[in-house]
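Hi,

Here is the structure I said I would send over. Have a look at it first, and then read my notes underneath.

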Number of protein chains: 2
Amino acid sequence: MSKTPKPSPCERILDAAEQAFSERGYEGASLREIVQEAGVNLATVYYYFDNKKALMEAVLKRRFGPIRTEHLELLRRFEAESEGQPLPVERILEAMLLPLLRLAVATPTKRQAVTRLIGRIMTEPNPQTQAILRRHRSEVRVAFLKALQASLPGVPPAELQWRIEFVWGALAFILCDPRKIEKETNGACNPADLETVMKEMVGFFAPGFRASSSNTARRMRQ
Amino acid sequence: MSKTPKPSPCERILDAAEQAFSERGYEGASLREIVQEAGVNLATVYYYFDNKKALMEAVLKRRFGPIRTEHLELLRRFEAESEGQPLPVERILEAMLLPLLRLAVATPTKRQAVTRLIGRIMTEPNPQTQAILRRHRSEVRVAFLKALQASLPGVPPAELQWRIEFVWGALAFILCDPRKIEKETNGACNPADLETVMKEMVGFFAPGFRASSSNTARRMRQ
DNA sequence: GTCTATAAAGGGATAGAC
DNA sequence: GTCTATCCCTTTATAGAC
(Lines give C-alpha, C1' and ligand atoms only; values in the text may rest on other atoms or scores of the structure.)
Protein backbone atom coordinates (compact mmCIF):
# COMPACT_ATOMS: atom_id res chain seq x y z
CA MET A 1 0.00 0.00 0.00
CA SER A 2 1.93 2.99 -1.27
CA LYS A 3 1.34 6.55 -0.16
CA THR A 4 0.34 8.67 -3.13
CA PRO A 5 3.54 10.41 -4.20
CA LYS A 6 3.73 14.21 -4.25
CA PRO A 7 2.45 15.33 -7.63
CA SER A 8 4.93 16.72 -10.11
CA PRO A 9 5.56 20.47 -10.15
CA CYS A 10 3.72 20.73 -13.43
CA GLU A 11 0.69 19.06 -11.92
CA ARG A 12 0.85 21.19 -8.80
CA ILE A 13 0.92 24.32 -10.93
CA LEU A 14 -2.13 23.16 -12.83
CA ASP A 15 -3.98 22.39 -9.60
CA ALA A 16 -3.17 25.75 -8.06
CA ALA A 17 -4.00 27.59 -11.28
CA GLU A 18 -7.34 25.82 -11.56
CA GLN A 19 -8.18 26.86 -8.03
CA ALA A 20 -7.07 30.46 -8.49
CA PHE A 21 -8.75 30.94 -11.87
CA SER A 22 -11.97 29.49 -10.55
CA GLU A 23 -12.03 31.81 -7.56
CA ARG A 24 -10.75 35.06 -9.00
CA GLY A 25 -11.08 34.61 -12.73
CA TYR A 26 -8.35 34.71 -15.34
CA GLU A 27 -7.45 38.36 -14.91
CA GLY A 28 -7.98 38.36 -11.17
CA ALA A 29 -5.60 35.50 -10.48
CA SER A 30 -1.87 36.27 -10.49
CA LEU A 31 0.92 33.87 -11.35
CA ARG A 32 2.59 34.82 -8.10
CA GLU A 33 -0.27 33.54 -5.97
CA ILE A 34 -0.43 30.42 -8.11
CA VAL A 35 3.22 29.52 -7.67
CA GLN A 36 3.06 30.23 -3.96
CA GLU A 37 0.11 27.89 -3.58
CA ALA A 38 1.85 25.28 -5.73
CA GLY A 39 5.07 25.61 -3.76
CA VAL A 40 7.21 26.27 -6.81
CA ASN A 41 9.20 29.15 -8.18
CA LEU A 42 7.72 31.75 -10.49
CA ALA A 43 10.14 30.82 -13.25
CA THR A 44 8.93 27.23 -13.11
CA VAL A 45 5.67 28.30 -14.70
CA TYR A 46 7.58 29.55 -17.71
CA TYR A 47 9.56 26.37 -17.93
CA TYR A 48 6.39 24.30 -18.34
CA PHE A 49 4.12 26.78 -20.06
CA ASP A 50 4.65 29.54 -22.61
CA ASN A 51 2.77 32.20 -20.70
CA LYS A 52 -0.26 32.83 -18.54
CA LYS A 53 -2.73 32.28 -21.34
CA ALA A 54 -1.14 28.95 -22.26
CA LEU A 55 -1.39 27.92 -18.62
CA MET A 56 -5.10 28.67 -18.66
CA GLU A 57 -5.57 26.62 -21.81
CA ALA A 58 -3.66 23.74 -20.25
CA VAL A 59 -5.86 23.90 -17.17
CA LEU A 60 -8.97 23.65 -19.32
CA LYS A 61 -7.57 21.03 -21.66
CA ARG A 62 -6.66 18.70 -18.81
CA ARG A 63 -10.29 18.59 -17.67
CA PHE A 64 -12.29 18.86 -20.84
CA GLY A 65 -11.03 15.67 -22.40
CA PRO A 66 -12.14 13.32 -19.60
CA ILE A 67 -15.43 15.14 -19.11
CA ARG A 68 -16.26 14.96 -22.79
CA THR A 69 -15.41 11.28 -22.79
CA GLU A 70 -17.63 10.71 -19.79
CA HIS A 71 -20.53 12.53 -21.42
CA LEU A 72 -20.26 10.55 -24.61
CA GLU A 73 -19.68 7.23 -22.85
CA LEU A 74 -22.68 7.68 -20.61
CA LEU A 75 -24.92 8.51 -23.52
CA ARG A 76 -23.56 5.58 -25.51
CA ARG A 77 -24.09 3.20 -22.58
CA PHE A 78 -27.68 4.29 -22.10
CA GLU A 79 -28.30 3.89 -25.80
CA ALA A 80 -26.79 0.42 -25.76
CA GLU A 81 -29.02 -0.53 -22.83
CA SER A 82 -32.15 0.64 -24.57
CA GLU A 83 -31.57 -1.75 -27.48
CA GLY A 84 -32.55 0.40 -30.41
CA GLN A 85 -35.44 2.13 -28.66
CA PRO A 86 -35.03 5.91 -28.50
CA LEU A 87 -34.03 7.00 -25.02
CA PRO A 88 -36.60 8.63 -22.73
CA VAL A 89 -35.69 12.25 -22.29
CA GLU A 90 -35.04 11.61 -18.60
CA ARG A 91 -32.14 9.35 -19.47
CA ILE A 92 -30.69 11.89 -21.88
CA LEU A 93 -30.90 14.58 -19.22
CA GLU A 94 -29.19 12.25 -16.79
CA ALA A 95 -26.30 11.84 -19.21
CA MET A 96 -26.16 15.61 -19.75
CA LEU A 97 -26.11 16.53 -16.09
CA LEU A 98 -24.49 13.73 -14.14
CA PRO A 99 -20.81 14.07 -15.14
CA LEU A 100 -20.53 17.72 -14.14
CA LEU A 101 -22.99 17.68 -11.25
CA ARG A 102 -21.15 14.75 -9.73
CA LEU A 103 -17.95 16.77 -9.74
CA ALA A 104 -19.64 19.90 -8.46
CA VAL A 105 -21.23 18.36 -5.40
CA ALA A 106 -18.29 16.13 -4.53
CA THR A 107 -17.40 16.98 -0.96
CA PRO A 108 -13.74 17.97 -1.24
CA THR A 109 -13.60 21.69 -1.92
CA LYS A 110 -10.57 21.12 -4.10
CA ARG A 111 -12.55 19.33 -6.78
CA GLN A 112 -15.17 22.03 -6.93
CA ALA A 113 -12.62 24.27 -8.59
CA VAL A 114 -13.04 22.29 -11.81
CA THR A 115 -16.73 22.87 -12.14
CA ARG A 116 -16.67 26.41 -10.80
CA LEU A 117 -14.16 27.24 -13.49
CA ILE A 118 -16.23 25.57 -16.18
CA GLY A 119 -19.36 27.36 -15.02
CA ARG A 120 -17.45 30.60 -15.04
CA ILE A 121 -16.05 30.36 -18.51
CA MET A 122 -19.41 29.24 -19.86
CA THR A 123 -20.61 32.74 -19.01
CA GLU A 124 -17.46 34.55 -20.13
CA PRO A 125 -18.11 36.61 -23.27
CA ASN A 126 -14.43 36.83 -24.21
CA PRO A 127 -14.20 35.49 -27.79
CA GLN A 128 -11.02 33.50 -27.25
CA THR A 129 -12.44 31.75 -24.22
CA GLN A 130 -15.62 31.02 -26.10
CA ALA A 131 -13.61 29.55 -28.94
CA ILE A 132 -11.87 27.14 -26.57
CA LEU A 133 -15.15 26.14 -25.03
CA ARG A 134 -16.85 25.59 -28.36
CA ARG A 135 -13.96 23.53 -29.67
CA HIS A 136 -14.18 21.19 -26.71
CA ARG A 137 -17.91 20.92 -26.38
CA SER A 138 -19.26 20.90 -29.92
CA GLU A 139 -19.01 17.12 -30.21
CA VAL A 140 -20.98 16.64 -27.00
CA ARG A 141 -23.59 19.16 -28.11
CA VAL A 142 -24.15 17.35 -31.38
CA ALA A 143 -24.44 13.96 -29.69
CA PHE A 144 -27.10 15.19 -27.27
CA LEU A 145 -29.03 17.02 -29.95
CA LYS A 146 -29.12 13.83 -32.00
CA ALA A 147 -30.33 11.78 -29.05
CA LEU A 148 -33.05 14.31 -28.29
CA GLN A 149 -34.19 14.41 -31.89
CA ALA A 150 -34.53 10.65 -31.88
CA SER A 151 -36.37 10.71 -28.59
CA LEU A 152 -38.69 13.60 -29.45
CA PRO A 153 -39.30 13.53 -33.19
CA GLY A 154 -42.32 15.82 -32.80
CA VAL A 155 -40.31 18.77 -31.50
CA PRO A 156 -38.62 20.97 -34.13
CA PRO A 157 -34.80 20.87 -33.93
CA ALA A 158 -34.51 24.63 -33.38
CA GLU A 159 -36.74 24.29 -30.37
CA LEU A 160 -34.64 21.44 -29.01
CA GLN A 161 -31.56 23.59 -29.41
CA TRP A 162 -33.12 26.39 -27.39
CA ARG A 163 -33.97 23.93 -24.68
CA ILE A 164 -30.46 22.53 -24.61
CA GLU A 165 -29.19 26.07 -24.08
CA PHE A 166 -31.55 26.55 -21.16
CA VAL A 167 -30.34 23.36 -19.54
CA TRP A 168 -26.66 24.23 -20.00
CA GLY A 169 -27.39 27.66 -18.58
CA ALA A 170 -29.03 26.34 -15.46
CA LEU A 171 -26.24 23.82 -15.08
CA ALA A 172 -23.53 26.46 -15.45
CA PHE A 173 -25.24 28.54 -12.81
CA ILE A 174 -25.12 25.70 -10.33
CA LEU A 175 -21.57 24.78 -11.20
CA CYS A 176 -20.37 28.30 -10.47
CA ASP A 177 -21.38 28.17 -6.85
CA PRO A 178 -23.51 25.29 -5.61
CA ARG A 179 -23.49 26.51 -2.03
CA LYS A 180 -24.93 29.85 -3.03
CA ILE A 181 -28.25 28.16 -3.63
CA GLU A 182 -28.28 26.91 -0.07
CA LYS A 183 -27.78 30.44 1.24
CA GLU A 184 -30.29 32.05 -1.08
CA THR A 185 -32.99 29.61 -0.11
CA ASN A 186 -32.14 29.72 3.59
CA GLY A 187 -31.29 26.06 3.57
CA ALA A 188 -34.48 24.89 1.87
CA CYS A 189 -32.38 23.56 -1.01
CA ASN A 190 -29.36 21.37 -0.32
CA PRO A 191 -27.07 21.38 -3.34
CA ALA A 192 -24.68 18.92 -1.72
CA ASP A 193 -27.20 16.10 -2.16
CA LEU A 194 -26.44 14.86 -5.65
CA GLU A 195 -29.43 12.56 -5.88
CA THR A 196 -31.88 15.32 -5.03
CA VAL A 197 -30.30 17.84 -7.38
CA MET A 198 -30.44 15.35 -10.21
CA LYS A 199 -34.04 14.48 -9.41
CA GLU A 200 -35.03 18.15 -9.28
CA MET A 201 -33.33 19.05 -12.52
CA VAL A 202 -34.51 16.03 -14.49
CA GLY A 203 -38.03 16.39 -13.08
CA PHE A 204 -38.13 20.06 -14.00
CA PHE A 205 -36.67 19.88 -17.49
CA ALA A 206 -38.15 16.66 -18.83
CA PRO A 207 -41.74 17.94 -19.09
CA GLY A 208 -40.46 21.04 -20.87
CA PHE A 209 -38.67 18.95 -23.47
CA ARG A 210 -41.84 16.99 -24.12
CA ALA A 211 -43.96 20.11 -24.55
CA SER A 212 -44.83 21.07 -28.09
CA SER A 213 -44.82 24.64 -29.36
CA SER A 214 -48.50 24.56 -30.24
CA ASN A 215 -49.25 23.80 -26.62
CA THR A 216 -47.19 26.78 -25.58
CA ALA A 217 -48.89 29.11 -28.03
CA ARG A 218 -52.29 28.03 -26.81
CA ARG A 219 -51.46 28.62 -23.20
CA MET A 220 -49.94 32.02 -23.91
CA ARG A 221 -53.00 33.17 -25.80
CA GLN A 222 -55.44 32.36 -23.06
CA MET B 1 -37.42 69.61 -29.84
CA SER B 2 -34.21 69.74 -27.85
CA LYS B 3 -31.10 67.74 -28.65
CA THR B 4 -30.24 65.49 -25.72
CA PRO B 5 -27.45 67.26 -23.86
CA LYS B 6 -24.09 65.60 -23.39
CA PRO B 7 -24.35 63.51 -20.24
CA SER B 8 -22.46 64.64 -17.17
CA PRO B 9 -18.93 63.34 -16.60
CA CYS B 10 -20.19 61.21 -13.75
CA GLU B 11 -22.76 59.59 -16.03
CA ARG B 12 -20.24 59.10 -18.81
CA ILE B 13 -17.90 57.34 -16.39
CA LEU B 14 -20.69 55.02 -15.30
CA ASP B 15 -21.59 54.23 -18.89
CA ALA B 16 -18.00 53.48 -19.87
CA ALA B 17 -17.43 51.45 -16.71
CA GLU B 18 -20.54 49.40 -17.31
CA GLN B 19 -19.37 48.61 -20.80
CA ALA B 20 -15.82 47.76 -19.75
CA PHE B 21 -16.82 45.64 -16.75
CA SER B 22 -19.31 43.73 -18.84
CA GLU B 23 -16.76 42.91 -21.51
CA ARG B 24 -13.63 42.24 -19.52
CA GLY B 25 -14.87 41.71 -15.99
CA TYR B 26 -14.04 43.70 -12.90
CA GLU B 27 -10.39 42.76 -12.74
CA GLY B 28 -9.90 42.78 -16.49
CA ALA B 29 -11.15 46.31 -16.99
CA SER B 30 -8.80 49.16 -16.12
CA LEU B 31 -9.75 52.63 -14.98
CA ARG B 32 -7.55 54.01 -17.73
CA GLU B 33 -9.58 52.45 -20.51
CA ILE B 34 -12.73 53.58 -18.78
CA VAL B 35 -11.72 57.23 -18.54
CA GLN B 36 -10.49 57.22 -22.10
CA GLU B 37 -13.80 55.87 -23.33
CA ALA B 38 -15.64 58.37 -21.15
CA GLY B 39 -13.48 61.25 -22.36
CA VAL B 40 -12.48 62.36 -18.88
CA ASN B 41 -9.33 62.49 -16.86
CA LEU B 42 -8.23 59.64 -14.63
CA ALA B 43 -8.43 61.83 -11.55
CA THR B 44 -12.06 62.57 -12.33
CA VAL B 45 -12.98 59.03 -11.34
CA TYR B 46 -11.59 59.66 -7.89
CA TYR B 47 -13.45 62.91 -7.62
CA TYR B 48 -16.79 61.15 -8.09
CA PHE B 49 -16.03 57.75 -6.61
CA ASP B 50 -13.91 56.54 -3.71
CA ASN B 51 -12.11 53.85 -5.67
CA LYS B 52 -12.55 51.19 -8.32
CA LYS B 53 -14.71 48.98 -6.17
CA ALA B 54 -17.02 51.85 -5.30
CA LEU B 55 -17.33 52.60 -9.00
CA MET B 56 -18.40 49.03 -9.63
CA GLU B 57 -21.00 49.22 -6.89
CA ALA B 58 -22.32 52.49 -8.33
CA VAL B 59 -22.60 50.89 -11.75
CA LEU B 60 -24.66 48.06 -10.32
CA LYS B 61 -26.74 50.23 -8.05
CA ARG B 62 -27.80 52.53 -10.89
CA ARG B 63 -29.34 49.59 -12.75
CA PHE B 64 -30.64 47.33 -10.04
CA GLY B 65 -33.15 49.78 -8.64
CA PRO B 66 -35.14 50.31 -11.86
CA ILE B 67 -34.98 46.63 -12.81
CA ARG B 68 -36.25 45.55 -9.42
CA THR B 69 -39.06 48.08 -9.68
CA GLU B 70 -39.98 46.79 -13.10
CA HIS B 71 -40.04 43.21 -11.89
CA LEU B 72 -42.28 44.02 -8.96
CA GLU B 73 -44.54 46.34 -10.96
CA LEU B 74 -45.06 43.79 -13.69
CA LEU B 75 -45.96 41.10 -11.21
CA ARG B 76 -48.27 43.46 -9.35
CA ARG B 77 -49.99 44.50 -12.57
CA PHE B 78 -50.59 40.93 -13.64
CA GLU B 79 -51.96 40.13 -10.22
CA ALA B 80 -54.29 43.13 -10.35
CA GLU B 81 -55.51 42.01 -13.77
CA SER B 82 -56.29 38.51 -12.56
CA GLU B 83 -58.68 39.83 -9.89
CA GLY B 84 -57.85 37.58 -6.98
CA GLN B 85 -57.32 34.46 -9.06
CA PRO B 86 -53.82 33.00 -8.69
CA LEU B 87 -51.73 33.75 -11.74
CA PRO B 88 -51.04 31.01 -14.28
CA VAL B 89 -47.39 30.10 -14.10
CA GLU B 90 -46.91 31.40 -17.64
CA ARG B 91 -47.70 34.92 -16.48
CA ILE B 92 -45.33 34.64 -13.55
CA LEU B 93 -42.59 33.48 -15.86
CA GLU B 94 -43.32 36.39 -18.15
CA ALA B 95 -42.83 38.79 -15.27
CA MET B 96 -39.62 37.03 -14.28
CA LEU B 97 -38.06 37.06 -17.72
CA LEU B 98 -39.35 40.06 -19.61
CA PRO B 99 -37.57 42.96 -17.87
CA LEU B 100 -34.09 41.56 -18.36
CA LEU B 101 -34.67 39.79 -21.66
CA ARG B 102 -36.07 42.98 -23.12
CA LEU B 103 -32.88 44.78 -22.25
CA ALA B 104 -30.67 41.96 -23.46
CA VAL B 105 -32.13 41.67 -26.92
CA ALA B 106 -32.56 45.42 -27.44
CA THR B 107 -30.74 46.22 -30.65
CA PRO B 108 -28.28 48.89 -29.54
CA THR B 109 -25.13 47.12 -28.41
CA LYS B 110 -24.69 49.77 -25.75
CA ARG B 111 -27.67 48.59 -23.75
CA GLN B 112 -26.53 45.00 -23.81
CA ALA B 113 -23.75 45.94 -21.43
CA VAL B 114 -26.27 46.12 -18.60
CA THR B 115 -27.53 42.62 -18.96
CA ARG B 116 -24.18 41.12 -19.85
CA LEU B 117 -22.82 42.55 -16.64
CA ILE B 118 -25.74 41.23 -14.62
CA GLY B 119 -25.39 37.80 -16.18
CA ARG B 120 -21.72 37.88 -15.40
CA ILE B 121 -21.96 38.78 -11.78
CA MET B 122 -24.73 36.25 -11.26
CA THR B 123 -22.10 33.62 -11.89
CA GLU B 124 -19.30 35.34 -9.97
CA PRO B 125 -18.42 33.39 -6.82
CA ASN B 126 -16.73 36.37 -5.14
CA PRO B 127 -18.50 36.78 -1.77
CA GLN B 128 -18.67 40.56 -1.88
CA THR B 129 -20.24 40.54 -5.31
CA GLN B 130 -22.71 37.91 -4.20
CA ALA B 131 -23.62 40.05 -1.21
CA ILE B 132 -24.43 43.00 -3.45
CA LEU B 133 -26.51 40.83 -5.72
CA ARG B 134 -28.42 39.22 -2.89
CA ARG B 135 -29.14 42.57 -1.27
CA HIS B 136 -30.68 43.87 -4.47
CA ARG B 137 -32.57 40.80 -5.56
CA SER B 138 -33.90 39.23 -2.39
CA GLU B 139 -37.12 41.24 -2.50
CA VAL B 140 -37.79 40.15 -6.06
CA ARG B 141 -37.03 36.54 -5.21
CA VAL B 142 -39.51 36.52 -2.35
CA ALA B 143 -42.24 38.12 -4.45
CA PHE B 144 -41.92 35.52 -7.18
CA LEU B 145 -41.76 32.65 -4.75
CA LYS B 146 -44.97 33.86 -3.16
CA ALA B 147 -46.71 34.16 -6.51
CA LEU B 148 -45.61 30.68 -7.49
CA GLN B 149 -46.77 29.19 -4.21
CA ALA B 150 -50.19 30.73 -4.73
CA SER B 151 -50.31 29.50 -8.30
CA LEU B 152 -49.04 25.99 -7.58
CA PRO B 153 -50.13 25.03 -4.08
CA GLY B 154 -49.45 21.37 -4.80
CA VAL B 155 -45.72 21.83 -5.28
CA PRO B 156 -43.55 21.91 -2.15
CA PRO B 157 -41.86 25.28 -1.60
CA ALA B 158 -38.36 23.79 -1.62
CA GLU B 159 -39.09 22.37 -5.03
CA LEU B 160 -40.31 25.73 -6.28
CA GLN B 161 -37.12 27.33 -5.02
CA TRP B 162 -35.00 24.86 -6.94
CA ARG B 163 -37.00 25.63 -10.05
CA ILE B 164 -36.58 29.37 -9.59
CA GLU B 165 -32.83 28.81 -9.43
CA PHE B 166 -32.90 26.88 -12.68
CA VAL B 167 -34.79 29.69 -14.40
CA TRP B 168 -32.43 32.39 -13.13
CA GLY B 169 -29.52 30.25 -14.24
CA ALA B 170 -30.80 29.84 -17.77
CA LEU B 171 -31.62 33.54 -17.87
CA ALA B 172 -28.16 34.56 -16.67
CA PHE B 173 -26.63 32.37 -19.33
CA ILE B 174 -28.54 34.16 -22.06
CA LEU B 175 -27.87 37.58 -20.62
CA CYS B 176 -24.13 36.99 -20.68
CA ASP B 177 -23.99 36.62 -24.41
CA PRO B 178 -27.22 36.32 -26.37
CA ARG B 179 -25.43 36.16 -29.71
CA LYS B 180 -23.38 33.17 -28.63
CA ILE B 181 -26.50 31.05 -28.89
CA GLU B 182 -26.89 32.04 -32.50
CA LYS B 183 -23.34 30.93 -33.27
CA GLU B 184 -23.56 27.69 -31.32
CA THR B 185 -26.71 26.63 -33.10
CA ASN B 186 -25.50 27.76 -36.52
CA GLY B 187 -28.29 30.27 -36.75
CA ALA B 188 -31.09 27.88 -35.87
CA CYS B 189 -31.87 30.00 -32.83
CA ASN B 190 -32.23 33.75 -33.14
CA PRO B 191 -31.78 35.38 -29.73
CA ALA B 192 -32.49 38.85 -31.15
CA ASP B 193 -36.16 37.97 -31.53
CA LEU B 194 -37.60 38.84 -28.14
CA GLU B 195 -41.00 37.32 -28.77
CA THR B 196 -39.56 33.96 -29.77
CA VAL B 197 -37.12 33.83 -26.88
CA MET B 198 -39.92 34.58 -24.45
CA LYS B 199 -42.16 31.96 -26.03
CA GLU B 200 -39.40 29.35 -25.93
CA MET B 201 -38.49 30.01 -22.34
CA VAL B 202 -42.03 30.19 -21.02
CA GLY B 203 -43.05 27.15 -23.04
CA PHE B 204 -40.11 25.18 -21.73
CA PHE B 205 -40.30 26.11 -18.07
CA ALA B 206 -44.02 26.24 -17.44
CA PRO B 207 -44.61 22.48 -17.75
CA GLY B 208 -41.70 21.86 -15.40
CA PHE B 209 -43.21 24.11 -12.77
CA ARG B 210 -46.48 22.25 -12.99
CA ALA B 211 -44.83 18.85 -12.64
CA SER B 212 -45.09 17.20 -9.25
CA SER B 213 -42.25 15.31 -7.60
CA SER B 214 -44.20 12.07 -7.47
CA ASN B 215 -44.49 12.22 -11.23
CA THR B 216 -40.76 12.71 -11.49
CA ALA B 217 -40.00 9.81 -9.20
CA ARG B 218 -42.26 7.54 -11.18
CA ARG B 219 -40.63 8.41 -14.48
CA MET B 220 -37.13 8.01 -13.07
CA ARG B 221 -37.92 4.57 -11.71
CA GLN B 222 -39.21 3.15 -14.94
C1' DG C 1 -14.29 70.47 -10.92
C1' DT C 2 -10.64 69.33 -13.87
C1' DC C 3 -5.97 68.91 -14.94
C1' DT C 4 -0.59 67.23 -14.59
C1' DA C 5 2.55 64.65 -12.43
C1' DT C 6 3.93 61.05 -9.80
C1' DA C 7 3.90 57.87 -6.14
C1' DA C 8 3.65 52.94 -4.78
C1' DA C 9 2.60 48.44 -5.78
C1' DG C 10 1.83 44.52 -8.46
C1' DG C 11 1.74 42.29 -12.67
C1' DG C 12 3.88 39.22 -16.62
C1' DA C 13 7.96 37.86 -18.45
C1' DT C 14 13.17 36.86 -19.02
C1' DA C 15 18.32 36.27 -18.35
C1' DG C 16 21.54 33.57 -16.54
C1' DA C 17 23.68 30.94 -12.60
C1' DC C 18 23.53 26.39 -10.73
C1' DG D 1 14.81 21.47 -14.03
C1' DT D 2 14.96 24.85 -10.56
C1' DC D 3 16.56 28.98 -8.54
C1' DT D 4 17.69 34.38 -7.90
C1' DA D 5 17.42 38.63 -9.57
C1' DT D 6 15.61 41.89 -12.34
C1' DC D 7 13.38 44.27 -16.29
C1' DC D 8 9.65 46.81 -17.72
C1' DC D 9 5.12 47.78 -18.05
C1' DT D 10 0.48 48.66 -16.22
C1' DT D 11 -2.31 49.44 -12.53
C1' DT D 12 -4.63 51.91 -8.63
C1' DA D 13 -4.44 55.85 -6.16
C1' DT D 14 -3.00 60.61 -4.53
C1' DA D 15 -0.90 65.34 -4.15
C1' DG D 16 -1.28 69.66 -5.59
C1' DA D 17 -1.65 73.35 -9.32
C1' DC D 18 -5.25 75.81 -11.79
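Let me start with a base contact: an N or O atom in the side chain of Arg32(A) sits 2.7 Å from a base nitrogen of DNA strand C. Bear in mind as you read on that this is a predicted model.

Staying with DNA strand C, there are two phosphate contacts to look at as well. Leu31(A) uses a polar backbone atom, which is 2.9 Å from a phosphate oxygen of the strand. Tyr46(A) uses its side chain instead, with an N or O atom 3.0 Å from a phosphate oxygen of DNA strand C. These residues also turn up when you ask who comes nearest: there are 14 residues around DNA strand C, and Leu31(A), Arg32(A), Tyr46(A), Asn41(B) and Tyr48(B) are the nearest of them. So both chains appear in that list. As for what the protein meets on the strand, 59% of the DNA strand C atoms within 4 Å of the protein are sugar or phosphate, and the rest belong to bases.

Which elements supply that surface? At least two residues each come from α2 (31-38) and α3 of chain A and from α3 of chain B. The biggest giver is α3(B), with 4 residues. By type, the residues near DNA strand C split into 8 nonpolar, 4 polar and 2 charged.

Now the other strand. Around DNA strand D there are 15 residues, and the nearest are Asn41(A), Tyr48(A), Arg32(B), Tyr46(B) and Lys52(B). Of the strand D atoms that come within 4 Å of the protein, sugar and phosphate make up 56%. Three phosphate contacts are worth clicking on:

- Tyr48(A): a side-chain N or O atom is 2.7 Å from a phosphate oxygen of DNA strand D.
- Asn41(A): here the distance from a side-chain N or O atom to a phosphate oxygen of DNA strand D is 3.0 Å.
- Ser30(B): a polar side-chain atom lies 3.5 Å from a phosphate oxygen of DNA strand D.

Two or more residues of the surface near DNA strand D come from each of α3 (42-48) of chain A, α2 (31-38) of chain B and α3 (42-48) of chain B. On this strand α3(A) gives the most, again with 4 residues. The make-up by type is 8 nonpolar, 4 polar and 3 charged.

Next, the two protein chains. A turn of 180 degrees with a shift of 0.0 Å along the axis lays chain A on chain B, at an RMSD of 0.1 Å. The two copies are therefore related as by a two-fold rotation axis. If you want to find that axis on screen, go to Ala170(A): its C-alpha is the one in chain A nearest the axis, 2.3 Å away. Both copies use the same surface, with 100% of the contact residues of chain A recurring in chain B.

How many residues take part in that interface? There are 57 from chain A in contact with 57 from chain B. Together the chains bury about 5,300 Å², and 68% of that is on carbon and sulfur atoms. On the chain A side, Trp162(A), Phe166(A) and Phe204(A) lose the most area to chain B, and together they account for 16% of what that side buries.

Finally, chain A by itself. Its secondary structure comes to 11 helices and 0 strands. Its C-alpha atoms fill a box of roughly 65 × 45 × 40 Å along the principal axes. The domain assignment splits chain A into domain 1 (8-49) and domain 2 (63-210), and the C-alpha centres of these two domains lie 28 Å apart. Where they touch, domain 1 of chain A puts in 8 residues and domain 2 of chain A puts in 7. The two domains of chain A bury about 720 Å² between them, 45% of it on carbon and sulfur atoms. Which three residues of domain 1 supply the most of its buried area against domain 2 of chain A? They are Glu18(A), Gln19(A) and Ser22(A), which supply 69% of it.

That's the tour. Shout if anything looks odd on your screen.

Cheers

Key. Residues numbered from 1 in each chain as written. Chains lettered and ligands numbered in written order. Predicted model: local features only at pLDDT ≥ 70, side-chain atom pairs only at ≥ 80, totals over all residues. Heavy atoms only, no water. Near = heavy atom within 4 Å. Polar contact = N/O pair within 3.5 Å; in protein donor to acceptor, adjacent residues only side chain to side chain. Nonpolar A, V, L, I, M, F, W, Y, C, P; charged D, E, K, R; others polar. Least-squares fit on C-alpha atoms with pLDDT ≥ 70 in both. Contact = heavy atoms within 4.5 Å. Domains from an automatic or database assignment. Buried area = accessible area lost by both parts, 1.4 Å probe.
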